[in-house]
Amino acid sequence: MLRPLEPVRSDGVVLFPALSFGFSHRLSQYLILDWGVQKAFVNRKDDYIGRKGKNYQPGAGGGESFDYLQGKLVLKYKF
């Protein structure tokens with residue numbers, strides 16, 4: 001528990017497949033709401049930020065409780 005701290009460092013790019021689907025709803029003449037989910041299939045186990053049990057992979061989300069399943073919510077304004 002009292003181990004020396006190690007700096008976090010990230011290099012390069014990790015590519016992984018992902019499935020994404022969602023819906024679009026026009027709220028008014030100028031507002032559009034997009035929402036959905038994305039499931040990422042991260043196959044590199046050595047490029048995590050944080051501990052393996054509570055990690056975060058940029059672009060894919062975290063694998064702690066929903067195993068790289070993340071929601072997407074976007075509110076667009078049309079000029």
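How many residues does the hairpin use to join S1 to S2? Four. Keep in mind as you click around that this is a predicted model.

**Stop 1: the hairpin strands.** Select residues 18–26 for S1, then residues 31–40 for S2. The two strands run antiparallel and are paired over nine bridges. Now pick out Ser24: its bridge partner in S2 is Asp34.

**Stop 2: the other partner of S2.** Add residues 69–77, which make up strand S5. S2 pairs with S5 too, again in the antiparallel sense, and over nine bridges. For a landmark here, select Val37 and look across to Gly71 in S5, which stands opposite.

**Stop 3: the two faces of S2.** Turn on side chains for S2. In a regular strand, side chains alternate between the two faces of the sheet. In S2, Ile32, Asp34, Gly36, Gln38 and Ala40 point to one face and are buried. Flip to the other face and you'll find Leu31, Leu33, Trp35, Val37 and Lys39, which are not buried.

**Stop 4: Asp34.** Is Asp34 buried or exposed? Asp34 counts as buried because its relative accessible area is 16%, under the 20% cut-off. Next, show Lys76: the side chains of Asp34 and Lys76 make a polar contact at 2.7 Å.

**Stop 5: around Asp34.** Which residues touch Asp34, leaving aside its neighbours within four places in sequence? Select Phe23 and Ser24, then Lys72, Leu73, Val74 and Lys76. You've already met Ser24 as the bridge partner of Asp34, and Lys76 as its polar contact.

Notes: Residues are numbered from 1 along each chain as its sequence is written. This is a predicted model: local features need pLDDT of at least 70, side-chain atom pairs count only at pLDDT 80 or more; totals for chains, interfaces and linings use all residues. Side-chain values use heavy atoms; hydrogens and water are left out. Buried means under 20% relative accessible area, exposed over 50%, partly exposed in between (1.4 Å probe, protein chains only). A polar contact is a pair of N or O atoms within 3.5 Å; within protein, one must be able to donate a hydrogen and the other to accept it, and residues adjacent in sequence count only if both atoms are side-chain atoms. Contact means heavy atoms within 4.5 Å. Two strands pair if DSSP finds at least two bridges between them.
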